[in-house]
Amino acid sequence: MSDPQTVSVPGRIMSAEMAEQPAVLQRILDEGAPAIREIAAQIAARNPRFVLLTARGTSDNAALYAKYLIEVLLGKPAGLTSMSTTTAYGAKPDLTDCLVITVSQSGGSPDLVASTKAAREAGAITLAVTNNAASPLAEVSEFHIDVLAGPEKALPATKTYTAELLALYLFVEGLRGGDGSAAKALPELAAGVLARQGEVKDLAERYRFAQRLVITSRGYGYPTAREAALKLMETTYIPASPFSGADLLHGPLAMVDNVSPVIAIVPDGKGGEALQPVLDRLRGRGADLVVIGQQAQVDAASAGFALPAGVPQEVQPILEILPLQLLAYEVTIARGQDPDAPRALAKVTETH
């Protein structure tokens, strides 16, 4: 008979890593915040005129979140880079006085390392945000922030994503001389959200046999929509299309009907207000609408998951993604698959 300790339970690793997130968030606030503030102060003193963000996969969604923070809170232009312009085409942009932030869980992908090295040679201030202080990316960057998530063994990134979000928020707060107080309650709130996994398990029954999903949001919630789609696709194998609510109205709305599941992340604040006309149109088309947001928005939808009230809008994404991580896990388990090891994926993706 097999030893129960050695039997692989599907989803065991992903489940354990999701559960670690409150502790990881607390660790960043307690141990990581002082170093992040110091790095932010050094970079702020050099007054970069604009910011470029470089990443792939899950970290790209964290970078998009940082783009919103930088533009909204700092008023500086920010953009997502196309790495192939330097790694494949050999472009040599002038990046004098530009801050280049490269976000990567492993810090090991060759194109991230090469593009960061090229940016530094082109005059940029370079900052790596990784879960590996000994990585090649950290080595070639002038500054490095360790997100302190600890080893992540499941292929779907969960705790490293929320750790990246919090580290980037604290960094942007540091650039403007803020104290990051909006994040102080996050560990406790995250624990409360994760404790409601039973609600998500019930919700997962709606998507067990889904053929496709549409996920939408606006503002700070849009990176969450993209990350949720990525998690669902890589674990459940269900095609999930993420759209900004504004883009959804420009054509893709035509594919939504009364049998098309739509998940809407409705932020509490400006992003939710901007998304309201989209929600009205979706209801008008009879969409099967599930809302992740405040209780009143959930009550007006077909189903949903209510998030804690009173959370500042710039840190809501750290909580928004948690029920969607759980949803990806529960749907995958319900479909008889193992979310720890999705087919055809590797933990470190080496692109050039």
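**Notes on a predicted model with two sheets**

1. Let's start in a loop. Tyr 237 sits in the loop between helix 10 (222–236) and strand 7. Keep in mind as you look around that this is a predicted model. Tyr 237 has a positive phi of about 70°, although it is not a glycine. That is worth a second look, because most residues other than glycine have a negative phi. Is Tyr 237 buried or exposed? Neither label fits: its relative accessibility is 25%, so Tyr 237 counts as partly exposed.

2. Another residue with this kind of backbone angle is Asn 47. Its phi is near 50°, again a positive value in a residue other than glycine. You'll find Asn 47 in the loop between helix 2 and strand 1. With 52% relative accessibility, Asn 47 counts as exposed; the cut-off for that label is over 50%.

3. Now follow the chain into one of the sheets. In what order do its strands lie? The order is 2-1-3-4-5, an open sheet of 5 strands with parallel pairing. Strand 2 and strand 5 (143–146) stand at the edges with a single partner strand each, so one side of each has no neighbour in the sheet. From one strand to the next, the twist averages 20°.

4. Strand 1 (residues 50–54) is a good place to pause. Of its 5 residues, 4 are buried, so strand 1 is largely enclosed by the rest of the structure. On one pairing, 5 bridges join strand 1 to strand 3 (residues 98–104), and the two run parallel; Phe 50 has Cys 98 as its bridge partner there. Strand 1 is also joined to strand 2 (residues 78–80) by 3 bridges, again running parallel. In that pairing, the partner of Val 51 is Ala 78.

5. How does the chain get from strand 1 to strand 2? Strand 1, helix 3 (residues 57–74) and strand 2 make a right-handed β-α-β unit. Helix 3 lies across strand 1, strand 2 and strand 3, and runs at about 165° to strand 2.

6. Moving along the sheet, strand 3 and strand 4 (residues 125–130) run parallel and are joined by 6 bridges. Here Thr 102 stands opposite Ala 128 of strand 4. Helix 2 (residues 21–45) packs on this sheet and touches strand 3, strand 4 and strand 5. The direction of helix 2 makes about 155° with that of strand 5.

7. Pick out Thr 126, which belongs to strand 4. Its relative accessibility is 0%, so Thr 126 counts as buried. Which residues does Thr 126 touch, leaving aside those up to four places away in sequence? They are Val 100, Thr 116, Ala 119, Arg 120, Val 140, Ser 141, Glu 142 and Phe 143. Take Glu 142 from that list: 16 residues separate it from Thr 126 in sequence, yet their C-alpha atoms are 5.3 Å apart.

8. On to the nonpolar cores. The largest has 85 residues, and Ile 101, Leu 127, Leu 166 and Phe 171 are the ones touching the most other members. Helix 7 (residues 159–175) gives the most to this core, namely 11 residues. There is also a second, separate core of 18 residues, with Val 214, Leu 253, Val 291 and Ala 301 among them. Back in the largest core, have a look at Ile 101: not counting residues up to four places away in sequence, its contacts include Val 51, Leu 53, Ile 70, Leu 127 and Phe 171.

9. The other sheet is also open, with 5 strands in the order 7-6-8-9-10 and parallel pairing. Its edge strands are strand 7 (240–244) and strand 10 (303–306), each pairing on one side only. On average, neighbouring strands here are turned by 15° against each other, direction ignored. Strand 9 (residues 288–293) pairs with strand 10 over 4 bridges in the parallel sense, and Ile 292 has Phe 305 as its bridge partner.

10. Two helices lie across strands of this sheet. Helix 12 (residues 270–284) lies across strand 6 (213–217), strand 8 (261–266) and strand 9, at about 160° to strand 8. Helix 14 (residues 316–334) lies across strand 8, strand 9 and strand 10, at about 155° to strand 8.

11. Finally, helix 14 also meets helix 7. Their axes come within 10 Å and cross at roughly 170°, so helix 7 and helix 14 are roughly antiparallel to each other. Tyr 161, Thr 162, Leu 165 and Leu 166 in helix 7 meet Pro 317, Ile 318, Ile 321, Leu 322 and Gln 325 in helix 14.

Methods:
Residues are numbered from 1 along each chain as its sequence is written. This is a predicted model: local features need pLDDT of at least 70, side-chain atom pairs count only at pLDDT 80 or more; totals for chains, interfaces and linings use all residues. Side-chain values use heavy atoms; hydrogens and water are left out. A nonpolar core is a set of buried Ala, Val, Leu, Ile, Met, Phe, Trp, Tyr and Cys residues joined through side-chain atoms within 4.5 Å. Buried means under 20% relative accessible area, exposed over 50%, partly exposed in between (1.4 Å probe, protein chains only). Contact means heavy atoms within 4.5 Å. Two strands pair if DSSP finds at least two bridges between them. A crossover is right-handed if, with the strands pointing away from the viewer, the path from the first strand over the helix to the second runs clockwise. Axes are lines fitted to C-alpha atoms, for helices over the stretch in contact, and angles run from 0 to 180 degrees between N-to-C directions. Angles under 35 degrees count as roughly parallel, over 145 as roughly antiparallel, 65 to 115 as roughly perpendicular and the rest as oblique.
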